[in-house]
Amino acid sequence: MKYMLIMRATDEAYAAMGAVDMNEMLETVGRFNDELIRAGVLLAAEGLDDPAEGVVIDYSTDPPVVTDGPYGETKELFGGYYILSVASKEEAVEWAKRLPAGGPGFKTEIRRVPEIGEFPQDNVWIQKERAWREATGQL
């Protein structure tokens with residue numbers, strides 16, 4: 001089963017990270033990532049750029065409204081993610097508890113990522129997606 005570990009933090013927590021030595025942080029995260037790789041559970045992991053560099057598309061109107069910068073009224077921002085292939089939610093939780101992103105204002109949300117085989121296989125769009133995944137080596 002695939003699980004996404006979504007790393008979130010408050011503005012204050014991200015600001016506090018500015019005081020952390022970048023090389024030290026890379027070493028800590030690198031060691032954790034190496035453990036995931038050696039355990040054979042890491043499928044993907046990425047951090048995200050500063051939210052001020054992003055845009056938000058609001059679909060409440062037609063046409064949708066595009067605004068620059070961080071989300072309107074958020075208390076926590078999505079800062080990065082891991083996608084793990086593990087046997088259970090409990091195993092995903094155990095890995096998440098070891099993430100080197102702890103402290104006040106930091107949280108990790110864990111969500112299962114459904115596999116394509118869980119969708120109706122007689123649906124033409126699912127068949128097209130399956131063919132694309134097979135052609136690109138994703139299945």
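1. Starting with the charges on helix α2: the side chains of Asp34 and Arg38 meet in a salt bridge, with 2.9 Å from N to O. Both residues sit in α2, four residues apart, which is about one turn of the helix. Asp34 is partly exposed at 35% relative accessibility, while Arg38 counts as exposed at 62%. Bear in mind throughout that this is a predicted model.

2. Helix α2 also takes part in a link that reaches along the chain. Arg98 and Glu35 meet through their side chains in a salt bridge, and the N to O distance is 1.9 Å. Arg98 belongs to the loop between α3 and β6 (106–113) and Glu35 to α2, so this pair ties together parts that are 63 residues apart in sequence. Arg98 is partly exposed, at 43% relative accessible area. Glu35 is partly exposed too, at 28%.

3. Helix α3 has a pair of its own. Glu94 and Lys97 form a salt bridge through their side chains, at 3.2 Å from N to O. They are three residues apart within α3, about one turn of the helix. Here Glu94 is partly exposed, with a relative accessible area of 43%, and Lys97 is exposed, at 60%.

4. On the overall tally, the structure holds nine salt bridges. Besides the pairs above, there is a network of salt bridges linking Arg8, Glu109 and Arg111. As background, side chains of opposite charge can pair when their charged atoms come close.

5. Now the strands. β5 (residues 77–85) pairs with β1 (residues 2–9) in an antiparallel arrangement, joined by eight bridges. One position to click on is Leu5, which stands opposite Tyr82 in β5. β5 also runs antiparallel to β2 (residues 42–47), with five bridges between them. In that pairing, Gly47 has Gly80 of β5 as its bridge partner.

6. Which residues touch the most other members of the largest nonpolar core? They are Leu5, Leu36, Tyr82, Leu84, Val86, Trp95 and Leu99, out of 13 residues in that core. The elements giving two or more residues to this core are β1, α2 (22–39), β5 and α3 (89–97). In soluble globular proteins, nonpolar side chains tend to be buried together.

7. Leu5 deserves a look of its own. Leaving aside residues up to four places away in sequence, Leu5 touches Gly80, Tyr81, Tyr82, Leu84, Ala92, Ala96, Leu99, Thr108, Glu109 and Ile110. Some of these names have come up already: Tyr82 is the residue opposite Leu5 in β5, Gly80 is the bridge partner of Gly47, and Glu109 is part of the network with Arg8 and Arg111. If you are picking a residue to centre the view on, Leu5 has a place both in the β1–β5 pairing and among the core residues listed above.

8. Last, the surface. Val55, Ile57, Tyr59 and Val66 make a nonpolar surface patch of about 420 Å². Of these, Ile57 lies in strand β3 (residues 55–58). Is Ile57 buried or partly exposed? Its relative accessible area is 39%, so it counts as partly exposed. Patch residues need over 30% relative accessible area, and Ile57 at 39% fits that cut-off.

Conventions:
Residues numbered from 1 in each chain as written. Predicted model: local features only at pLDDT ≥ 70, side-chain atom pairs only at ≥ 80, totals over all residues. Heavy atoms only, no water. Pairing = 2+ DSSP bridges. Patch = residues over 30% accessible without salt bridge, like charges linked within 9 Å, V, L, I, M, F, W, Y side chains within 5 Å. Areas by Shrake-Rupley, 256 points an atom, 1.4 Å probe, with all protein chains shown as cover. Salt bridge = Lys/Arg side-chain N within 4 Å of Asp/Glu carboxyl O. Buried < 20%, exposed > 50% of the residue type's maximum accessible area, 1.4 Å probe, protein only. Core = buried A, V, L, I, M, F, W, Y, C linked by side-chain atoms within 4.5 Å. Contact = heavy atoms within 4.5 Å.
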